[in-house]
Amino acid sequence: MSGSRSSGAQVPPATASGDRLAVIASHLSSYGLGSPANMAGEKDAALAAEPVGGPTIFDKIIRKEIPSQVVYEDQKILAFRDISPQAPIHIIIIPKVKDGLSRLLKAEERHIEVLGSLLYGANIVAKQEGLEDGFRIVINDGPNGCQSVYHLHVHLLGGRQMNWPPG
């Protein structure tokens, strides 16, 4: 698997008034890190999110319609810095082709390869980011799992001591 690392300036999220993208983008940019308001905002965004068949914010990032700070890309996955980091290093890793994977609960046997690519990509990015002392992988699934974008994605969190239980 060959990949490339690229960097770019972190740009504020694009918004389109009146649609779900605007709700998510404003949610992602308006709360402080680790504060109780941020936790409420995450929950509110997840409860407001609806699985739809149309393009998500991540589809728009893949098509370069919305800027992102890409840290890794190969034929199957794209990894970029989260615009509302919950740790010193917070990377989102997404499959480039959704193929029905709006959430982990939708995974079928035919998705085994892409699921493996997401975790192997997390391994590559963790090493690239210098996280040899450890990191956390999170997949939020559905409203109770606080999923706010219905395009399967992995959060790679590191750069600090993680706590248990997580939430």
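Biologist: What makes strand 4 and strand 5 a pair?
Modeller: Four bridges join strand 4 to strand 5, which run antiparallel. Pairing needs at least two bridges found by DSSP, so strand 4 and strand 5 qualify with four. One bridge sets F135 opposite G158 of strand 5. This is a predicted model, where local features need pLDDT of at least 70, side-chain atom pairs count only at pLDDT 80 or more, and totals for chains, interfaces and linings use all residues. Residues are numbered from 1 along each chain as its sequence is written, and side-chain values use heavy atoms, without hydrogens and water.

Biologist: How do you know that strand 3 pairs with strand 5?
Modeller: Five bridges link strand 3 and strand 5 in the antiparallel sense. I93 stands opposite V154 in strand 5.

Biologist: Why is strand 5 called largely enclosed?
Modeller: Five of its five residues are buried (under 20% relative accessible area, 1.4 Å probe, protein chains only). So strand 5 is largely enclosed by the rest of the structure. V154, L156 and G158 point one way, H155 and L157 the other.

Biologist: What makes 112-128 a helix, and how does its reach compare with the expected span?
Modeller: Helix 4 is a DSSP run (H or I, at least four residues), and it has 17. Helix 4 reaches 24 Å from first C-alpha to last, close to the 24 Å expected (1.5 Å times one less than its number of residues).

Biologist: Which residues touch the most other members of the largest nonpolar core?
Modeller: Y72, A79, I91, I93, L118, V125 and L156, out of 18 residues. Such a core joins buried Ala, Val, Leu, Ile, Met, Phe, Trp, Tyr and Cys through side-chain atoms within 4.5 Å. Helix 4 gives the most to this core, with six residues.

Conventions: Helices (H or I, at least four residues) and strands (E, at least two) are DSSP runs, numbered from the N terminus. Buried means under 20% relative accessible area, exposed over 50%, partly exposed in between (1.4 Å probe, protein chains only).
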